[in-house]
Amino acid sequence: MDKDFEILLKEAKKLANKRILSEYAYCGHVACALLTKGGNIYTGINIDANCSLGNCAEYGAIVEMLKNNETEIDKIVAYSAKGVVYSPCGRCRELIRMINTSNLETKVMVSEDKICTLKDLLPEIYITKD
């Protein structure tokens, strides 16, 4: 496994721990770590609620990255407290692409033994037409 992905996976594993927030919500079941083109690592956890409110772990890591004025993601991984690497959902894939189109080249760990580019995961790009 690529050394950068080993580091990212280790960071995500440290955070992947389901925590009950209330009878309506929990967080941390999925954690994400990403490496920017600038060499910085950002992390995030998911938030889940009974009424479908919440966010993916990738979203949390991306928000942290954006707070630090970076938009280019080199590598990204999401890891579940169940011990499984998760591929980003469609919403997160589009978010990664939309914040910087060069992110189509982002390397995404989709399982512990498979890495794809975001471009491979988004064969049909969502484009709005006015």
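Hi everyone, let me start with one residue, K119: at 41% relative accessibility, this lysine is partly exposed. Before I go on, please keep in mind that we are looking at a predicted model.

So what does K119 do with its side chain? K119 forms a salt bridge with E105, and the closest N and O atoms are 2.7 Å apart. K119 sits in helix α4, residues 118-121, while E105 is in the loop between α3 and β7, so the pair ties together parts that are 14 residues apart in sequence. E105 is partly exposed too, with a relative accessible area of 41%.

How many salt bridges does the structure hold? The count is eight. Let me show you two others.

One of them joins D74 and K107, with 3.4 Å between the closest N and O atoms. D74 belongs to strand β5 and K107 to strand β7, residues 107-111, so this salt bridge connects parts that are 33 residues apart in sequence. Are these two residues buried or exposed? D74 is buried, at 13% relative accessible area, whereas K107 is partly exposed, at 33%.

The next one is between the side chains of D4 and K75, at 2.9 Å from N to O. Here the partners come from distant parts of the chain: D4 is in helix α1, residues 3-15, and K75 is in strand β5, residues 73-80, with their positions 71 residues apart. D4 is partly exposed, with a relative accessible area of 30%, and K75 is buried, at 6%. There is also a network here, in which salt bridges with shared partners join D2, D4 and K75.

D2 brings us to the start of α1. There, a side-chain oxygen of D2 comes to within 2.7 Å of the backbone nitrogen of D4. The helix itself has 13 residues and spans 19 Å from its first C-alpha to its last, close to the 18 Å expected at 1.5 Å a residue.

Which residues of α1 are buried? They are F5, L8, L9 and A12. These residues cover an arc of only 100° around the axis, which puts them on the same side of α1. Here is the background: an α-helix has 3.6 residues a turn, so residues three or four places apart point the same way. On the other side of α1, you will find K3, K10 and K14 exposed. And the buried residues of α1 pack against several strands, namely β2, β3, β5, β6, β7 and β8.

Now let's go back to the loop between α3 and β7, where T106 lies. T106 counts as buried, at 0% relative accessibility. Its side chain reaches the backbone oxygen of N103 at 2.9 Å. What surrounds T106, if we leave aside neighbours within four places in sequence? T106 is in contact with I73, D74, K75, I76, I96, C116, T117 and L118. You have already met D74 and K75 as salt-bridge partners.

Last topic: the cysteines. How many disulfides are there? The count is zero. For C32, the nearest cysteine sulfur is that of C92, 8.0 Å away. C32 is buried, with a relative accessible area of 0%. C89 is in no disulfide either, and the nearest cysteine sulfur, again that of C92, is 3.7 Å away. Why does that pair not count? The sulfur atoms would have to be within 2.5 Å. C89 is partly exposed, at 32% relative accessibility.

That's my tour, thank you for listening!

Conventions: Residues numbered from 1 in each chain as written. Predicted model: local features only at pLDDT ≥ 70, side-chain atom pairs only at ≥ 80, totals over all residues. Heavy atoms only, no water. Buried < 20%, exposed > 50% of the residue type's maximum accessible area, 1.4 Å probe, protein only. Salt bridge = Lys/Arg side-chain N within 4 Å of Asp/Glu carboxyl O. Helix = DSSP H or I, 4+ residues; strand = E, 2+ residues; numbered from the N terminus. Polar contact = N/O pair within 3.5 Å; in protein donor to acceptor, adjacent residues only side chain to side chain. Contact = heavy atoms within 4.5 Å. Expected span 1.5 Å × (residues − 1). Arc of directions from axis to C-beta.
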